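Grab a pencil and open the viewer. Here are some exercises on reading helices and how they pack, each with a worked solution.

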Amino acid sequence: GMAPSPMDTTGFMRTDNPANNPSLMGGATGPTGRMGVGVGVGGDDGQDGKDDDGKRSPSPEMPVRPLSAYNFFFSDERERILKMSQAEAEGKPIKEEDQEEDQEDPEEKKKRLLEQHLNKDRTKRRPHRKTHGKIGFTSLSKLIGKRWRELPEDKKQYYRDIAAMDMDRYQRSVAEYNNERLSKRARR
């Protein structure tokens, strides 16, 4: 692991230098400075970042972003894993078939997953915590990612359908949102 370190130090030296050498200054800080700004603006959390200090996020009526099939699988699977770990915690052996049988009607579940996503309280930042102390987020993500990759196509399609419904909902609400803004502007 020695090789990268000399490069790092020259990187540091170069940024320290501009103080004494003004001609370097534009070159060294210009592009990086600008990029930093770009990242902040383009980043996905750009919108939500303002909640912390009490300032409003841009327009609360703004439609909730659509989730991907994997996002829906993730929240569904996370619940299932947490229920399972509960059983594990209580010392019940977990059988493979328990995991498969979903008592919930698939169509009902689609609705529930969509509604959960839409009704999530986005005004409060969730305090960073381990998921019920049973399994850390990283191991949870790895486990769920692996399960998603191994998921049969028809099951993946189920979540893709939910995502498609969500995307549909999103596009409709965006259209409504834009129409309302236009009509407000017209009235002024």
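The exercises below go from the overall fold to single helices and then to single residues.

A word on the ground rules: this is a predicted model, where local features need pLDDT of at least 70, side-chain atom pairs count only at pLDDT 80 or more, and totals for chains, interfaces and linings use all residues. Residues are numbered from 1 along each chain as its sequence is written, and side-chain values use heavy atoms, with hydrogens and water left out.

**Exercise 1. The overall fold**

Work out how many helices and strands the protein has, and what share of its residues is buried.

Solution. Start with the DSSP runs, numbered from the N terminus (helices are H or I with at least four residues, strands are E with at least two). They give seven helices and zero strands, so the pattern along the sequence is α-α-α-α-α-α-α. Next comes burial: buried means under 20% relative accessible area, exposed over 50%, and partly exposed in between, using a 1.4 Å probe and protein chains only. By that cut-off, 22% of the 188 residues count as buried. Finally, take contacts, meaning heavy atoms within 4.5 Å. Among those with a separation of 6 or more, 77% join residues 24 or more positions apart.

**Exercise 2. Helix H5, inside and out**

Check the span of helix H5, then find where its buried residues sit around the axis.

Solution. The expected span is 1.5 Å times one less than the number of residues. For the 14 residues of H5 (106-119) that comes to 20 Å, and the end C-alpha atoms are indeed 20 Å apart. Now list the buried residues: Lys109, Lys110, Leu113, Leu114 and His117. They fall within an arc of 135 degrees (taken from the directions from the helix axis to the C-beta atoms), so they line one face of H5. The spacing rule helps here: an α-helix has 3.6 residues a turn, so residues three or four places apart point the same way. As for partners, the buried residues of H5 pack against helix H3 (69-89) and helix H7 (153-187).

Proline 106 also lies in H5. With a relative accessible area of 44%, proline 106 is partly exposed. Its C-alpha is 8.6 Å from that of tyrosine 158, 52 residues apart along the chain.

**Exercise 3. H3 against H5**

How are H3 and H5 oriented to each other, and which residues meet?

Solution. Fit the axes to C-alpha atoms over the stretch in contact, and take angles from 0 to 180 degrees between N-to-C directions. The two axes come within 10 Å and cross at roughly 100 degrees. Angles under 35 degrees count as roughly parallel, over 145 as roughly antiparallel, 65 to 115 as roughly perpendicular and the rest as oblique, so H3 and H5 are roughly perpendicular. From H3, Phe72, Ser75, Asp76, Glu79 and Arg80 meet Lys109, Arg112, Leu113, Leu114, Gln116 and His117 of H5.

**Exercise 4. H6 and isoleucine 81**

Find which side of H6 is buried, then see what isoleucine 81 touches.

Solution. In H6 (residues 137-150), the buried residues are Leu140, Ile144, Gly145, Arg147 and Trp148. They cover an arc of only 165 degrees, which puts them on the same side of H6. The face turned away carries the exposed residues Thr138, Lys142, Arg149 and Glu150. Now go to isoleucine 81 in helix H3, buried with a relative accessible area of 4%. Leaving out residues up to four places away in sequence, isoleucine 81 touches Leu140, Leu143, Ile144 and Arg147. Leucine 140 is 59 residues from isoleucine 81 in sequence, but 8.5 Å away C-alpha to C-alpha.
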